[in-house]
Each structure stands twice: as structure tokens, then as C-alpha cells.
Amino acid sequence: MRRTSPTGQVKDLLQTVPLFSQCSKRELNLLAGIVEVEDFAPAAELCTEGEPGLGLYVVMEGEVEVKVKGRTRRKLGVGAFFGEIALLDGGPRSATVVATTDVRAMLIPAWSFNATLKADPSLATTMLKEVCRRVRTSDSSLSS
Ligand code: CMP
């Protein structure tokens, strides 16, 4: 895993992520200054089921697979987020998330995401809608 400093690329990408579509320029600037961009090789684990969570991830490049008890539940691509469950309830990761290609992802650390949520509650609504969509489709589809 390789880490780089946030760049203009991060700000541009944040604007295209549906989760952040309602954020103001100010909030996006704030987020862009906080996120860490991380690179992962194929087969690297970004989250491990049962482990504590560090924050929320957004896929910038590549594709990941969500696995629960070793069974693939979903594939997530560019613009998708994951890691919200441990972040919201403070519990362990509910699934393992593995890179299936070279992956670039941004990590929004828990403390800063929680601060952003307080500043912009519309983020919570957007996130909940996506979580509900995943629950509704979790048995019928592996693609997002
Ligand atoms: P979290 O539990 O923090 O870490 C693992 C993440 O995988 C989880 O948050 C969700 O973002 C994601 N995840 C868990 N189960 C599913 C599922 N059935 N479909 C899609 N994403 C999931």
C-alpha cells in the first residue's frame, strides 16, 4: 500500500462522488484537505471483517469486492464508498473488502468524517439511501 498527499485530483474526484453531491465548495475543500489517498495492489485487503474501522473509503480507480464470511456479496467500482458501518456504529468491520485490480482509494478518517457529517447532515441521508439500496439488492445482484 502506498500513500500520497491529497492533490487537485482529489477535489475533482470528490465533486463526482454521488455521496458528496450536496456538499458546498467549502465542505469539499475541507474534505480534500483531510483525505488520504492510498494505492493497493490486487488482493490487498482494505477492510478486514471483525477488525476495528479507521474510516470511510471511496474508490477512485479500480474495483473492490465485498466479502462476508468468505462469500462475495458485491463488487464496487469508481465512485462507490464503503466502510460506513463501523464508522457510524463504532463496531468492527462487517465485511472484508479486497482489491480485485490495482486500486486507488481515498480514506476519510473517522473523526473528520463525523465532523463533516455534523456540518452537513444531508451527507447522512445520501449515505443511508445507498445503504438501503444495498440491503434491498444484496441477494439479487453482485454489481453496484
Ligand atoms: P464496514 O462494516 O465499516 O466495513 C466493511 C464494509 O463493507 C461495510 O462497512 C460496508 O460499507 C460494506 N458492506 C458490508 N456488507 C455489504 C453488502 N452486503 N453489500 C455492500 N457493501 C457491504
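Here is a short conversation about how the words used for this predicted model are earned.

Reader: What makes the overall fold count as a compact globule?

Author: The rule for a compact globule of 144 residues gives a radius of gyration near 15 Å, and the protein has 14 Å, which agrees. Along the principal axes, the C-alpha atoms fill a box of roughly 40 × 30 × 25 Å.

Reader: Which elements is the protein built from?

Author: There are five helices and nine strands. Starting at the N terminus, they follow the order β-α-α-β-β-β-β-β-β-α-β-β-α-α.

Reader: Why is Asp-39 called buried?

Author: Buried means a relative accessible area under 20%. Asp-39 has 14%, so Asp-39 is buried. Across the protein, 41% of the 144 residues count as buried.

Reader: Where is Asp-39 found, and what makes that strand enclosed?

Author: Asp-39 belongs to strand β2, residues 36-40. Four of the five residues of β2 are buried, so the strand is largely enclosed by the rest of the structure.

Reader: How do you know that Asp-39 and Arg-104 make a polar contact?

Author: A polar contact needs a pair of N or O atoms within 3.5 Å, one able to donate a hydrogen and the other to accept it. The side chains of Asp-39 and Arg-104 are joined at 2.8 Å, so the pair is within that cut-off.

Reader: How do you know that β2 and β9 pair?

Author: Two strands pair if there are at least two bridges between them. Five bridges join β2 to β9 (residues 103-109), so these strands pair, and they run antiparallel. One example is Glu-36, whose bridge partner in β9 is Leu-107.

Reader: What makes β4 a mostly covered strand, and which strands does β4 join?

Author: Six of the seven residues of β4 (residues 55-61) are buried. Six bridges join β4 to β9, antiparallel, and two bridges join β4 to β7 (residues 81-82), also antiparallel. Two bridges satisfy the requirement of at least two, so β4 and β7 pair as well. Val-58 shows both links: Val-58 stands opposite Met-106 in β9, and the bridge partner of Val-58 in β7 is Phe-81.

Reader: Why are β3 and β6 said to stand at the edges of a sheet?

Author: Four strands form an open sheet in the order β3-β8-β5-β6, with antiparallel pairing. Strands β3 (45-47) and β6 (71-76) each have a single partner strand, so one side of each is left without a neighbour in the sheet. From one strand to the next, the twist averages 30°.

Reader: What joins β5 to β6 in that sheet?

Author: Five bridges join β5 (residues 64-68) to β6, and the two run antiparallel. Within this pair, Val-64 stands opposite Leu-76 in β6.

Reader: How many residues surround the ligand, and which are the closest?

Author: The ligand is surrounded by 13 residues, and the closest are Gly-83, Glu-84, Ala-86, Arg-93 and Ser-94.

Reader: What makes Ile-85, Ala-86 and Arg-93 polar contacts of the ligand?

Author: The cut-off is again a pair of N or O atoms within 3.5 Å. A backbone N or O atom of Ile-85 lies 3.4 Å from an oxygen atom of the ligand, so the pair meets the cut-off. A polar backbone atom of Ala-86 is 2.8 Å from a ligand oxygen atom. For Arg-93, an N or O atom in the side chain is 2.8 Å from an oxygen atom of the ligand. On its own the ligand has 460 Å² of accessible area, and the protein covers 92% of that.

Terms used. Residues are numbered from 1 along each chain as its sequence is written. This is a predicted model: local features need pLDDT of at least 70, side-chain atom pairs count only at pLDDT 80 or more; totals for chains, interfaces and linings use all residues. Side-chain values use heavy atoms; hydrogens and water are left out. Buried means under 20% relative accessible area, exposed over 50%, partly exposed in between (1.4 Å probe, protein chains only). Axes are lines fitted to C-alpha atoms, for helices over the stretch in contact, and angles run from 0 to 180 degrees between N-to-C directions. A residue is near a molecule or strand if one of its heavy atoms lies within 4 Å of it. Accessible areas come from the Shrake-Rupley method with a 1.4 Å probe; for residues, only the protein chains shown count as cover. The radius of gyration is taken over C-alpha atoms; the globule rule is 2.2 Å times the number of residues to the power 0.38.
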